[in-house]
Protein chains: 2
Amino acid sequence: APSTLIIDGKATAATIRAELKERADALMAKVGKAPGLAVILVGARPDSATYVRMKRKACEEVGIADFGVNLPVEASEDEIVAAVRAANEDERVHGILVQLPLPEHVNEMRVLSEISPEKDVDGLHPANVGDLALRGRNPRFVACTPRGCIELLHRNGIEISGKSAVVLGRSNIVGIPAALLLLQENATVTVCHSRTKDIEARIRDADILVAAIGKAHFVQGSWIKPGAVVIDVGINSVDDATKKRGYRLVGDVDYAAAKPVASAITPVPGGVGPMTIAMLLQNTVEAGERALTA
Amino acid sequence: APSTLIIDGKATAATIRAELKERADALMAKVGKAPGLAVILVGARPDSATYVRMKRKACEEVGIADFGVNLPVEASEDEIVAAVRAANEDERVHGILVQLPLPEHVNEMRVLSEISPEKDVDGLHPANVGDLALRGRNPRFVACTPRGCIELLHRNGIEISGKSAVVLGRSNIVGIPAALLLLQENATVTVCHSRTKDIEARIRDADILVAAIGKAHFVQGSWIKPGAVVIDVGINSVDDATKKRGYRLVGDVDYAAAKPVASAITPVPGGVGPMTIAMLLQNTVEAGERALTA
Ligand SMILES: NC(=O)C1=CN([C@@H]2O[C@H](COP(=O)(O)OP(=O)(O)OC[C@H]3O[C@@H](n4cnc5c(N)ncnc54)[C@H](OP(=O)(O)O)[C@@H]3O)[C@@H](O)[C@H]2O)C=CC1
Ligand SMILES: NC(=O)C1=CN([C@@H]2O[C@H](COP(=O)(O)OP(=O)(O)OC[C@H]3O[C@@H](n4cnc5c(N)ncnc54)[C@H](OP(=O)(O)O)[C@@H]3O)[C@@H](O)[C@H]2O)C=CC1
């Protein structure tokens, strides 16, 4: 369809960041304090270091104080836990994020569950996931990427209630919380994964498709229901000799083939990706507002 | 089909209770202590009083010590919370259950979240629901009715992995945890509710149907996929002049019409119902074993 809406995550994220800057400024004007984020980075994986740098830069722009901690790759689990606990106790810190993955010798689950649920801006603490799953409870924080997906739907006027939503993938950081959010928004939700049979038929049935499996161009254009809304979370690199770096990033959906069939679609890059950091900032500003104006 | 398996929840629950009695006896032999359950009942609703009486009787049979508390209907929220906290601190108590519904003036959510996640035998604490939703975490407790549904499937040799499972209803006590359990067991899971469109088509697609909406005979026999497994959680009373009490209990599925189409089906009563108490006892014995043999 010539009228397919290309959902512009970059522009939406920029709008949200501008809104958040206003909220942080207002907080500063009111109580003389900024929302504070502690990003805990262990080791020096180049990808993790890049993500952390992007997060810290974004914080600075919005007016979030940065209480980042860098630990060497040899840091013991106890040392990492100690850094988390120090951030839990630090009144200037309203959000704590442990950059994943942690080194092999560290029990990620144990470290993550040490983060106070009150400061869990990544929304991965079981208490916050439980509050998301249960009706009648408001989670303090929702995982950033799924929250970004829903925000894109909301800000583009896409109705969710009563729609058939299919989530591909059931990871803790994307698939599961995305499914719980869509259910909260009154979609009829189906979760698919590597054991799903006839996944093509499932996808054909989706009014709203959220793809988060990490397989380049897995979803073919012909599988998309005409008029469906496609939210592509996947970030996969495929060889591309025409690019200077030798590869390019693509989603889990064959974008070019799906676009003419869908009524709305997120590109990769520039769709869900920029929303993840925006939602991290939003979770942090909200936590700061709650703590400082309570 | 003449060979439809009638899933006998009463017999399965009796088997489980016998197993639990052995485990409680073994614990007593080993450490000289019994698993302990505190059922907190507020007010005197006849249905609640009946349920609590059944639970206490079942505890006694299995060898679970009863630390029940009865509070008057006028008890304040703070008094109920105080009873929960006392049970949290009591070392003889391994499981705490607050009988619902609580009187109107009480905030149920607040009371429930006071129960220590370590003693939450009802499995409704957000921390335990979060652990159920997240992969790689083991919830200490899973809600009794959904756990009973899965146990019926397991003990009847019904495979779940790779199957299409449809859950009707999304309540905190049945639908949501049932969906999360089925997903954990590698089913492809769809959750339907009052906003679902074309629910009949969803049901037709189910290899495993879990019905928990509380509408007598809502699911028609012709909607069942031939060979499907039907787990009927619903308990609804319908007028019946042939009965002395003037009504009888039926499920959410039209049992007589669904039975010939299904490969296996739970009757109402005598299907899921008896499993709920059995799972409460199991959660309590497991909690006792963890606490007393740690
Ligand atoms: N835009 C952003 O900011 C973010 C993007 N991402 C991207 O999203 C994608 C998913 O990430 P993440 O959730 O962390 O991935 P995980 O690897 O943790 O999970 C992948 C999920 O997809 C399922 N899956 C894998 N292969 C198939 C298949 N062939 N058919 C059906 N299901 C399959 C897996 O099933 P099973 O459970 O059975 O193994 C699993 O549930 C990645 O490309 C990642 O880079 C992730 C986070 C943020
Ligand atoms: N066997 C046992 O031990 C137990 C049996 N039960 C029985 O199970 C049934 C469900 O109980 P419970 O989960 O507490 O019920 P709730 O009333 O809490 O939830 C009912 C759910 O069904 C959905 N629903 C209601 N009407 C329809 C409809 N027409 N079409 C589709 N969905 C609908 C609701 O949707 P929405 O969310 O959109 O409102 C809601 O999610 C009851 O009959 C109850 O007696 C319950 C617990 C234990």
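**Entry 1: B:Leu292**

I started with B:Leu292 and listed its contacts, skipping neighbours within four places in sequence: B:Leu27, B:Val31, B:Lys33, B:Ala34 and B:His94. Note to self: this is a predicted model. I then looked up where B:Leu292 belongs, and it is found in helix H10 of chain B. I also checked it against B:Leu5, which is 287 residues away along the chain, and the C-alpha atoms of the two are separated by 39 Å.

**Entry 2: H10(B) against H6(B)**

Since I was in H10(B) already, I looked at its packing with another helix. Two packed helices are described by the angle between their axes and the distance between the axes. For helix H6 (residues 144-155) of chain B and H10(B), I got an angle of about 105° and axes 8 Å apart. Angles of 65 to 115 degrees count as roughly perpendicular, so I put H6(B) and H10(B) down as roughly perpendicular to each other.

Which residues of H6(B) and H10(B) meet? From H6(B) I noted B:Cys144, B:Thr145, B:Arg147, B:Gly148, B:Cys149, B:Glu151 and B:Leu152. On the H10(B) side they meet B:Val272, B:Met275, B:Thr276, B:Met279, B:Leu280, B:Gln282, B:Asn283 and B:Glu286. I sorted the residues of this contact by class and found seven nonpolar, five polar and three charged.

**Entry 3: ligand 2**

B:Thr276 turned up again when I moved on to ligand 2, as one of the residues that come nearest to this ligand. The others in that nearest group are A:Arg135, B:Arg170, B:Ser171 and B:Ser194, out of 22 residues around ligand 2. I placed ligand 2 between chains A and B.

Which helix gives the most to the shell around ligand 2? I found that it is helix H10 (residues 272-292) of chain B, with three residues. By class, I read the shell as nine nonpolar, 10 polar and three charged residues.

Next I went through some polar atom pairs. A polar side-chain atom of B:Thr276 sits 2.7 Å from an oxygen atom of ligand 2. The backbone takes part as well: a polar backbone atom of B:Ile235 is 3.0 Å from an oxygen of the ligand, and a backbone N or O atom of B:Val233 is 3.5 Å from a ligand oxygen. On its own, ligand 2 has 930 Å² of accessible area, and the protein covers 72% of this.

**Entry 4: ligand 1**

I repeated the lookup for ligand 1, which also lies between chains A and B. Here I found 22 residues around the ligand, with A:Arg170, A:Ser171, A:Ser194, A:Thr276 and B:Arg135 coming nearest. The shell has nine nonpolar, 10 polar and three charged residues.

For polar pairs with ligand 1, I stuck to side chains. An N or O atom in the side chain of A:Ser194 is 2.5 Å from a ligand oxygen. A polar side-chain atom of A:Thr276 comes in at 2.7 Å from an oxygen of ligand 1, and one of A:Arg170 at 2.9 Å. I noted that the protein covers 71% of the 930 Å² of accessible area that ligand 1 has on its own.

**Entry 5: H5 in both chains**

I then took helix H5 (residues 126-133) of chain A with helix H5 (residues 126-133) of chain B: their axes come within 6 Å and cross at roughly 90°. That makes H5(A) roughly perpendicular to H5(B). From H5(A), the residues I listed are A:Pro126, A:Ala127, A:Val129, A:Gly130, A:Asp131 and A:Ala133. They meet B:Pro126, B:Ala127, B:Val129, B:Gly130, B:Asp131 and B:Ala133 of H5(B). I counted this contact as eight nonpolar, two polar and two charged residues.

Within chain A, I checked H5(A) against helix H7 (residues 175-184), and they pack at an angle of about 30° with axes 9 Å apart. A:Val129, A:Leu132 and A:Ala133 of H5(A) make this contact with A:Pro177, A:Leu180, A:Leu181 and A:Gln184 of H7(A). I got six nonpolar residues, one polar and no charged ones.

**Entry 6: backbone oddments**

Where is A:Pro101 found? I traced A:Pro101 to the loop between strand S5 (95-98) and helix H4 (108-114) of chain A. The peptide bond from A:Leu100 to A:Pro101 is cis, with omega near -5°. In chain B, I logged the bond from B:Leu100 to B:Pro101 as cis, with omega near -5°.

Last lookup: A:Asp198, a residue other than glycine, has a positive phi near 55°. I found A:Asp198 in the loop between strand S7 (188-192) and helix H8 (199-204) of chain A.

Key. Residues numbered from 1 in each chain as written. Chains lettered and ligands numbered in written order. Predicted model: local features only at pLDDT ≥ 70, side-chain atom pairs only at ≥ 80, totals over all residues. Heavy atoms only, no water. Axes fitted to C-alpha atoms, helices over the stretch in contact; angles between N-to-C directions. Helix = DSSP H or I, 4+ residues; strand = E, 2+ residues; numbered from the N terminus. Parallel < 35°, antiparallel > 145°, perpendicular 65-115°, else oblique. Contact = heavy atoms within 4.5 Å. Nonpolar A, V, L, I, M, F, W, Y, C, P; charged D, E, K, R; others polar. Near = heavy atom within 4 Å. Polar contact = N/O pair within 3.5 Å; in protein donor to acceptor, adjacent residues only side chain to side chain. Areas by Shrake-Rupley, 256 points an atom, 1.4 Å probe, with all protein chains shown as cover.
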